[in-house]
Amino acid sequence: MKKTLIATAIAAISFSGAAFAADGNMSASDLAAKMDSMPNVYGNIQYAIAHDSIDNGPSSVEHFDNGSTLGVTHDHQITPNVTGFFKLELDGFNADDKSKGRGQARLDEAYIGIKGDSFGQIWVGSDDSTYERAIDNISNFYEVATLSLGGDYDTGEGDLIQYMSPSFGGLVLGAAVQINGDGDTKGGADKSYPYQLSATYGIDALELAFAVDSNDISLDRDSVTSGVQANNDNTYGLRATYSMDNVSISGQYQTRKDVSDVYGVIGVYTLGANQFALSYEVAELDGASKSASGDNTSSTVTLQALHNISDNMYVYAEGYIGGGDDVYDTESVDGSGDKIFSDERTIAALGAVYYF
């Protein structure tokens with residue numbers, strides 16, 4: 001649905017409510033309740049420009065949409081202790097180019113669920129996964145995140161049934177299962193039910209988290225499609241975050257047997273309307289994932305400076321320095337088909353976001 005149609009519908013409902021109140025058919029409290037029951041519409045426009053340079057290789061400058069979204073949320077009381085909720089979010093608008101923005105919107109998140117103080121919450125649909133929320137926060141922190149090294153886990157964000165418990169003295173448990181049926185392309189010809197489990201414990205300024213992904217489907221290592229034997233070993237992740245006043249420090253470690261070990265640390269400092277962040281990440285390939293050329297280690301240093309212009313707008317600058325054992329390669333620009341190998345890649349990005 002177009003944003004203008006949503007706005008028109010809201011305006012029509014509001015006008016009708018005001019008319020009812022004016023006619024004496026609806027009290028002010030009834031009108032307020034009607035307004036409170038309406039869905040919440042939110043969205044953002046995100047622009048960025050980035051200079052990408054590979055040492056001994058090509059460089060490029062690109063202006064792009066960095067993830068503009070439009071969404072709707074709603075919740076309502078089912079019983080005094082149970083609330084139903086839903087979310088629908090679209091992205092992929094290509095807000096930087098009118099010719100590409102027509103018909104390009106796609107689903108990002110969509111789910112329904114129920115929650116209550118006594119049992120926690122359960123929801124079904126497409127959303128950030130249980131493992132991702134608990135562990136993989138460095139790559140999700142940055143705006144552009146081109147060189148950030150996420151964990152090596154395969155369970156995606158769709159077809160999920162997720163559960164999060166209430167807090168037991170600071171301990172929150174999470175679980176998820178992905179339902180891949182006979183006709184689901186993620187599962188090929190076989191059904192699969194990959195799962196994730198998490199435990200997060202917070203006490204004072206310290207938060208600890210542990211999670212596991214069963215990786216019961218691994219298309220990127222499927223021997224039929226890639227020639228590499230599938231690896232369905234579990235991914236295990238650990239994270240510790242310490243927050244005090246305007247400083248936060250977080251470290252995380254993720255491992256998957258015969259695939260990779262990924263670890264990193266990030267520090268965030270806020271000063272008034274400004275935010276500064278610095279992180280260091282390392283990924284080491286293992287087992288069948290190792291390259292025949294020995295290019296098995298990569299690292300990334302990322303810096304961010306962000307300024308909140310207002311309650312609805314911010315600007316930022318990010319810099320990425322990536323390196324390792326000749327980890328970057330690209331086809332030669334002269335058309336010869338030769339590869340250009342490099343052990344360093346740098347990205348500088350500037351961006352602005354307006355949200356409501």
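**Notebook: patch, pocket and strands**

I began with I122, which has its place in strand 6. I keep in mind throughout that the model is a predicted one.

Entry on the nonpolar patch. Following I122 outward, I looked up the surface patch to which this residue belongs, and found that I122 shares a nonpolar patch of about 990 Å² with I78, F86, L88, L107, I112, I114, V124, I161, Y163, I179 and Y193. I then asked which elements give two or more residues to the nonpolar patch. They are strand 4, strand 5, strand 6, which covers 120-126, and strand 7, which covers 160-164. The largest share is that of strand 5, with three residues.

Entry on the largest pocket. I turned next to open space in the model, and noted that the volume of the largest pocket is about 610 Å³. Its lining is made of 18 residues, and those that lie nearest the centre are Q46, E89, D108, D128 and N140. Which class has eight residues in this lining, and how many belong to the others? I recorded eight charged residues, six polar ones and four nonpolar ones. At least two lining residues each come from strand 1 (40-54), strand 4 (82-91), strand 5 (106-116) and helix 4 (138-141). Strand 4 and strand 5 therefore turn up in both of my entries so far, since each gives two or more residues to the nonpolar patch and each supplies at least two residues of the pocket lining. I set beside this a general point, that in a regular strand the side chains alternate between the two faces of the sheet.

Entry on strand 1. Since strand 1 helps to line the largest pocket, I looked up its partners. Strand 1 runs antiparallel to strand 2 (residues 59-65), to which seven bridges join it, and S53 stands opposite S59 of strand 2. These two strands form a hairpin with four residues between them, in which N56 takes a positive phi near 65 degrees. Strand 1 also pairs with strand 3 (residues 69-79), again in the antiparallel sense, over five bridges, and here Y42 stands opposite G71.

Entry on salt bridges. I noted a count of seven salt bridges, and one of them is formed by D52 with R345, whose closest N and O atoms are 2.5 Å apart. This pair links distant parts of the chain, with D52 in strand 1 and R345 in strand 17 (residues 339-355), 293 residues apart.

Entry on strands 10 to 12. Strand 10 (residues 206-213) is paired with strand 11 (residues 235-244) in the antiparallel sense over eight bridges, and L206 has Y242 in strand 11 as its bridge partner. Strand 11 is in turn joined by 10 bridges to strand 12 (residues 247-256), which runs antiparallel to it, and Y236 stands opposite T255 of strand 12. Which residue in the turn between strand 11 and strand 12 has a positive phi? I found D245, at about 55 degrees, in a hairpin that has two residues between its strands.

Entry on strands 13 to 15. Strand 13 (residues 260-271) and strand 14 (residues 274-285) run antiparallel and are joined by 12 bridges, with N274 of strand 14 as the bridge partner of L271. Their hairpin has two residues between the strands, and G272 takes a positive phi near 65 degrees. Strand 14 also pairs with strand 15 (residues 297-310) over 11 bridges in the antiparallel sense, where A277 stands opposite Q304 of strand 15.

Terms used. Residues numbered from 1 in each chain as written. Predicted model: local features only at pLDDT ≥ 70, side-chain atom pairs only at ≥ 80, totals over all residues. Heavy atoms only, no water. Pairing = 2+ DSSP bridges. 1 Å grid on protein atoms, 1.4 Å probe; cavity = no way out; pocket = protein on both sides within 12 Å on 5 of 7 lines; lining within 4 Å. Points joined across faces, edges and corners; volume = space filled by probe spheres on them. Nonpolar A, V, L, I, M, F, W, Y, C, P; charged D, E, K, R; others polar. Patch = residues over 30% accessible without salt bridge, like charges linked within 9 Å, V, L, I, M, F, W, Y side chains within 5 Å. Areas by Shrake-Rupley, 256 points an atom, 1.4 Å probe, with all protein chains shown as cover. Salt bridge = Lys/Arg side-chain N within 4 Å of Asp/Glu carboxyl O.
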